[in-house]
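I open this notebook to record what I looked up in the structure. The entries go from the overall fold to the interior.

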Amino acid sequence: MMQIETLIVGAGLAGLRALHALREAGIDAKVLEASDEIGGVWNHNRYPGARCDVESYDYSYSFSKELEQEWRWTERYPTQPEILRYINHVADRFDLRRDVVLNARVTEAFYDEAAAHWVVRTQDGQTWQTRFLMLCLGQLSAPKLPDYPGQSSFEGQVVVSAEWPKGGVDYAGKRVAIIGTGSSGMQMTPIIAPEAAHLTVFQRTANYSVPAANAPLTEEEDREVKANYAVRRALMRNSPTGLGFKPEKIATLDVPEAEREQAFERAYQRLGFGFALTYPDILLNAEANKVASAFLHRKIGERIKDPKTRDKLIPRTHHFGTRRPSVDSGYFEAFNRDNVTLADVKKFPILEFTETGIRTAEAYHEFDIIIFATGFDALTGSLLKPAIHGRRGTLLKDKWAQGPLTHLGVATADFPNLLIVAGPGSPSVLSNVMVSIEEQVDWFVALLAGMKSRGEVEIEATEQAEQDWTAHVQERALETLYMTADSFYNGGEVAGKPRVFMPYSGGIRSYRRLLETCAAEGYSGFALRKTPAAAQDAGVQQDA
Ligand code: NAP
């Protein structure tokens, strides 16, 4: 059995950041990574057009001024290969690889209550013993696939966007289907369309999207950002979503129409995802949202020539922003091509897959390749894949059967020393996740360093604290429009998943303050112990 002070699971952006920070604090750590390569979702999502919709300079680590200065991003929004190169550069630059174990998929973890440590098993038979188990498993990393009649009978090539083959997919001259019109489907559509013989996009819910104002980054821009990086970082940390800009402090409907249109236009042309922050109440007030949505309906409509296709592509079934909008480069225009068809599966559902294609209630389509861009079992999917057993053998999956329960999104009662990064109960998918990761990791490192110096061996969220926090997460969500739609934020789009709002919608800045206050209060809502609770319980029983 191998032993280590802290075991991190997942060598993506979070896991590598945690490894580096723990090492700097003198805490031994290793990372177990299921894949044969580091990079997490940026290793797996190699589909054509994959790109981050947070700006390069902001989707990067802030812990090293040297790293900030030496890395040269080439485009405003970084592509998947560039992000993966960056991650690999960081791993080499800070000599991280020696503490990363590849091909080590964690399947089970058991908390040994008497000894206050975790025993962790991997698929290939390794056993690890660790005091702290830190889950850096990603919030959108467990792919979710449909289950249509005859799905496995299709004899052509089947590809999943989030498990894209490293060698690529040869779709040139082929009849291709894309199922799903979230960010992944929307990003790959305009890249695949010009090469495929024919592309059919299966849409269940029309999705909002704002064009990515992408462009190469000039030397001048690079110099300017690097000269002022500290200011930029401070703006990010203090903005609601970690994107570096704040809404104007005025209600949408209080702004004269012409002025509002101009503000929307400016945001639309430049801010991408940040369009939602043009005014502070767009995600809070249905009337304000209606105005922003109407602007986008017009803009999307202008991009599509055929009136019938236009009508299907304009999202009218949910408030803008209540489901994750996309930032695209030519998605809607792709439908102006003769070789691209939109199949509306809400109106004409998919009935079955056959050996050669897909039958819907409207038509039969033959394909050479079917691509599933059907999203993820968000936020909880990756955390519940391994069987994690806490105190008294409690299984995390059972404990969270009615939805995730956490204190501050970082820990859950009955699972001492289990630390969760960017998971449910934290800003996670509602933020620039880089900022979220760095804030949480640094908080954890300070916690573990403090515990070490005080001789504490166990930290556990109290049940009261996690009930209060989980209720607070729901209350904050109900102040917004988020619960008016089924989405991966609330699990409503997955049959059988409890419909509860999972990320914390109170903003990255207030979340950081809550973490800081918790630490300043001696980790309020947590029990910190010098001897394991189980040993204390045994002692009490003996005394009695
Ligand atoms: P997604 O946003 O969850 O979209 C999944 C799509 O598949 C939706 O259109 C969904 O329809 C459809 N779908 C699911 N099951 C289906 C079924 N049985 N039949 C037909 N359609 C089905 O997933 P994603 O596009 O992979 O993106 C997930 C998230 O990952 C993004 O929102 C983003 O946070 C992140 N991401 C980011 C980037 C980026 O940074 N640019 C790129 C890719 C992904 P419904 O809408 O009707 O459920």
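Among contacts in the protein between residues at least 6 apart in sequence, what percentage join residues at least 24 apart? I found that 72% of these contacts do so. I note that the model is a predicted one.

Entry on fold and dimensions. I counted 17 helices and 20 strands in the protein. I then looked up the radius of gyration, which is 24 Å; the globule rule gives 24 Å for 544 residues, so the protein is as compact as a globular protein of that length. Along the principal axes, I found that the C-alpha atoms fill a box of roughly 80 × 55 × 45 Å.

Entry on surface and charge. I recorded an exposed area of about 22100 Å² for the protein, of which carbon and sulfur atoms supply 51%. I listed 60 positive and 71 negative side chains, and the centres of the two sets lie 2 Å apart.

Entry on the interior. I found that 56% of the 544 residues are buried. In soluble globular proteins, nonpolar side chains tend to be buried together. I therefore turned to the largest nonpolar core, which has 63 residues. Ile-8, Tyr-59, Met-134, Val-410, Val-421, Trp-443 and Phe-526 touch the most other members of this core. I checked which elements each supply at least two of its residues: among them are the helices α1 (13-24), α4 (80-93) and α16 (508-520), and the strands β2 (29-32), β6 (127-135) and β19 (458-461). I noted last that α14 gives the most to this core, with 10 residues.

Definitions and conventions
Residues are numbered from 1 along each chain as its sequence is written. This is a predicted model: local features need pLDDT of at least 70, side-chain atom pairs count only at pLDDT 80 or more; totals for chains, interfaces and linings use all residues. Side-chain values use heavy atoms; hydrogens and water are left out. Helices (H or I, at least four residues) and strands (E, at least two) are DSSP runs, numbered from the N terminus. The radius of gyration is taken over C-alpha atoms; the globule rule is 2.2 Å times the number of residues to the power 0.38. Buried means under 20% relative accessible area, exposed over 50%, partly exposed in between (1.4 Å probe, protein chains only). Contact means heavy atoms within 4.5 Å. Accessible areas come from the Shrake-Rupley method with a 1.4 Å probe; for residues, only the protein chains shown count as cover. Lys and Arg count as positive and Asp and Glu as negative; His and the chain ends are not counted. The place of a charge is taken as NZ of Lys, CZ of Arg, CG of Asp or CD of Glu. A nonpolar core is a set of buried Ala, Val, Leu, Ile, Met, Phe, Trp, Tyr and Cys residues joined through side-chain atoms within 4.5 Å.
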